[in-house]
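Let's take a walk through this protein together, one piece at a time. Have the sequence and the 3D view ready, and follow along.

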Amino acid sequence: MTINANGRVFENIEPSIHLDVFLSQYLTISNDIGIAIAVNEKIIPDYEWATIVLNDNDSVIVIEAVQGG
């Protein structure tokens, strides 16, 4: 299975992987503070990350808030 995430292509992903597992294993994102996730251009609330199953050729966008001025 192939997943596109923030401009990178991840191949040979196990089928039926949940979004939270993909985030922690492939993008090393383990907490939801300051993070927004979209799957196929739909924002996914952090409390749903464990229930979303990714499909072949899904697109994941991770947006991380940063402080600055």
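Start with helix α1, where L19, F22 and L23 are buried. These residues cover an arc of only 100° around the axis, which puts them on the same side of α1. So what does that side look at? The buried residues of α1 pack against β1, β2, β3, β4 (42-44) and β5. Keep in mind, as you turn the view, that this is a predicted model.

Now zoom out for a moment. The protein has 1 helix and 5 strands, and if you read along the sequence you get the pattern β-β-α-β-β-β. Its C-alpha trace spans about 40 × 25 × 20 Å along the principal axes. How does the radius of gyration fit in? With 69 residues, a compact globule would have a value near 11 Å, and the protein has 12 Å, which agrees. Of those 69 residues, 29% count as buried. On the outside, the protein exposes about 4,600 Å², and carbon and sulfur atoms supply 49% of that area. Contacts also reach across the chain: among those between residues at least 6 apart in sequence, 50% join residues at least 24 apart.

Back to the inside. In soluble globular proteins, nonpolar side chains tend to be buried together. Here, the largest nonpolar core has 18 residues, and L19, F22, I37 and V60 are the ones that touch the most other members. The elements that give two or more residues to this core are β1 (3-5), α1 (19-26), β3 (35-39) and β5 (58-64). You've already met L19 and F22 as two of the buried residues of α1, so it's worth giving I37 a closer look.

Which residues does I37 touch once you leave aside its neighbours within four places in sequence? The list is L19, L23, K42, I43, I44, W49, V60, I61 and V62. Two of these, L19 and L23, are buried residues of α1, and V60 is another of the core members with the most partners.

Next, look at A38, which is found in strand β3. Is A38 buried or exposed? At 9% relative accessibility, A38 counts as buried, the cut-off being under 20%. Again leaving aside neighbours within four places in sequence, A38 is in contact with I43, S59, V60 and I61. Try picking out A38 and V60 in the view: they are 22 residues apart along the chain, yet their C-alpha atoms are separated by 5.7 Å.

Time for the aromatic rings. A search of the whole structure finds 3 aromatic pairs. One of them is F10 with F22, an edge-to-face pair at 5.5 Å centre to centre, with 90° between the planes. F10 lies in strand β2 (residues 8-10) and F22 in helix α1, so this pair ties together parts that are 12 residues apart in sequence. F10 is buried, with a relative accessible area of 9%, and F22 counts as buried too, at 0% relative accessibility.

F22 also forms a pair with Y26, and this one is stacked: 5.3 Å centre to centre, with 25° between the planes. F22 and Y26 are 4 residues apart in helix α1, so about one helical turn separates them. How covered is Y26? At 26% relative accessibility, Y26 counts as partly exposed. Put the ring pairs together and they link F10, F22 and Y26 into a cluster.

Finally, a look at the backbone. Most residues other than glycine have a negative phi, and most peptide bonds are trans. Which places here have a positive phi? One is N6, with a phi near 50°; N6 lies in the loop between β1 and β2 and counts as partly exposed, at 45% relative accessibility. Just after α1, T28 takes a positive phi of about 50°. N57 has a positive value as well, near 70°, and N57 lies in the loop between β4 and β5.

Note on methods: Residues numbered from 1 in each chain as written. Predicted model: local features only at pLDDT ≥ 70, side-chain atom pairs only at ≥ 80, totals over all residues. Heavy atoms only, no water. Core = buried A, V, L, I, M, F, W, Y, C linked by side-chain atoms within 4.5 Å. Buried < 20%, exposed > 50% of the residue type's maximum accessible area, 1.4 Å probe, protein only. Contact = heavy atoms within 4.5 Å. Phe/Tyr/Trp six-rings, centres within 6.5 Å; stacked < 30°, edge-to-face > 60°. Rg over C-alpha atoms; globule rule 2.2 N^0.38 Å. Areas by Shrake-Rupley, 256 points an atom, 1.4 Å probe, with all protein chains shown as cover. Arc of directions from axis to C-beta.
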